[in-house]
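Thanks for coming. I have one structure to go through today, and I will start with a single residue before turning to the rest. Please have the sequence and the model open.

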Amino acid sequence: MTANHKVCSLSEATALVTAWRRGGKRIVLANGCFDLLHVGHVRYLQAARACGDALIVGVNGDATVRELKGPGRPVLPDVERAEILAALACVDAVVIFHERTVETLLRTLRPDVQAKGTDYTPDTVPERDIVRSYGGVVAIVGDPKDHSTSALLAQLRL
């Protein structure tokens, strides 16, 4: 793991999950870009953590954020976004992933719960079938999608 002990590689996260499971913990995975952390992100992560005993956050790598969000994004590099998330008390581990979807993290870590924001429903979560295939559940958590980094950036440009 890095100097910030919560930011880890996928293999380190796998070891953490194994240890947590041995201790009887329920594992939750949340994921996103988390470019310019705002209150919507915090509420989402706190609600995700409430679904279990340990929260792992998957953070999209820089190239994926550019692909998903467009030019000029991310504002902050992935290592900084991961470090900021790791500073939150509700977060137990952070993993940067470079694929377009969180499928590899799900297949490797097999969290008990995949937490997604309120812009989804249980039937629109793209990875729902993977989660269900190993006995996990999808939880929709957080407040209504009233906050966004894109809107915040637009305000800053005024």
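**From one glutamate to the whole chain**

Start with Glu80, which lies in helix α4, residues 78–86. Is Glu80 buried, exposed or partly exposed? Its relative accessibility is 38%, so Glu80 counts as partly exposed. The cut-offs behind that are under 20% for buried and over 50% for exposed. In sequence, Glu80 and Asp35 are 45 residues apart, while their C-alpha atoms are separated by 9.5 Å. Keep in mind that this is a predicted model.

Now the chain as a whole. It has seven helices and five strands. Going along the sequence, the order of elements is α-β-α-β-α-α-β-α-β-α-β-α. The radius of gyration is 15 Å, close to the 15 Å that the globule rule gives for 158 residues, so the chain is as compact as a globular protein of that length. The C-alpha trace spans about 50 × 40 × 25 Å along its principal axes.

Some totals for the same chain. Of the 158 residues, 46% are buried. If you take contacts with a separation of 6 or more, 71% of them are between residues 24 or more positions apart. The accessible surface is about 7,900 Å², and carbon and sulfur atoms account for 53% of that.

Next, the strands. I will take β1 to begin with, then its partners.

Strand β1 covers residues 27–32. Six of its six residues are buried. Ile27, Leu29 and Asn31 point one way, Val28, Ala30 and Gly32 point the other way, and all are buried.

Which strands pair with β1? One is β2, residues 54–60, which runs parallel to β1 and is joined to it by six bridges. Within that pairing, Ile27 stands opposite Ala54. Between the two strands the chain passes through helix α2, residues 39–49, and this β-α-β crossover is right-handed. Further along the pairing, Asn31 of β1 stands opposite Gly58 in β2. The other partner is β4, residues 113–116, paired with β1 in the parallel sense over three bridges. There, Val28 stands opposite Val113.

On to β2. How many of its residues are buried? Seven of its seven. One side carries Ala54, Ile56, Gly58 and Asn60, the other carries Leu55, Val57 and Val59, and both faces are covered.

Strand β2 also pairs with β3, again running parallel, through five bridges. Ile56 of β2 stands opposite Ala93 in β3. Val59 has Ile96 in β3 as its bridge partner. Strand β3 itself takes in residues 93–97, and four of its five residues are buried.

So if you trace the pairings on your screen, you can go from β4 to β1, from β1 to β2, and from β2 to β3.

Last topic, the cysteines. For anyone who wants the reminder, a disulfide is a covalent bond between the sulfur atoms of two cysteines. How many disulfides does the structure hold? Zero. Cys8 is in no disulfide, and the nearest cysteine sulfur to it, that of Cys90, is 15 Å away. Why is Cys90 not bonded to its own closest cysteine, Cys51? The two sulfurs are 12 Å apart, which is too far for a bond; the cut-off used for a disulfide is within 2.5 Å.

Are these two cysteines, Cys8 and Cys90, buried or exposed? Cys8 has a relative accessibility of 7%, so Cys8 counts as buried. Cys90 has 14%, so Cys90 counts as buried too. Both values fall under the 20% cut-off that I gave for Glu80.

To recap: Glu80 in α4 is partly exposed, β1 and β2 are mostly covered, and the structure holds zero disulfides. That is what I have; questions are welcome.

Technical notes: Residues numbered from 1 in each chain as written. Predicted model: local features only at pLDDT ≥ 70, side-chain atom pairs only at ≥ 80, totals over all residues. Heavy atoms only, no water. Buried < 20%, exposed > 50% of the residue type's maximum accessible area, 1.4 Å probe, protein only. Pairing = 2+ DSSP bridges. Right-handed = clockwise from strand over helix to strand, strands pointing away. Rg over C-alpha atoms; globule rule 2.2 N^0.38 Å. Contact = heavy atoms within 4.5 Å. Areas by Shrake-Rupley, 256 points an atom, 1.4 Å probe, with all protein chains shown as cover.
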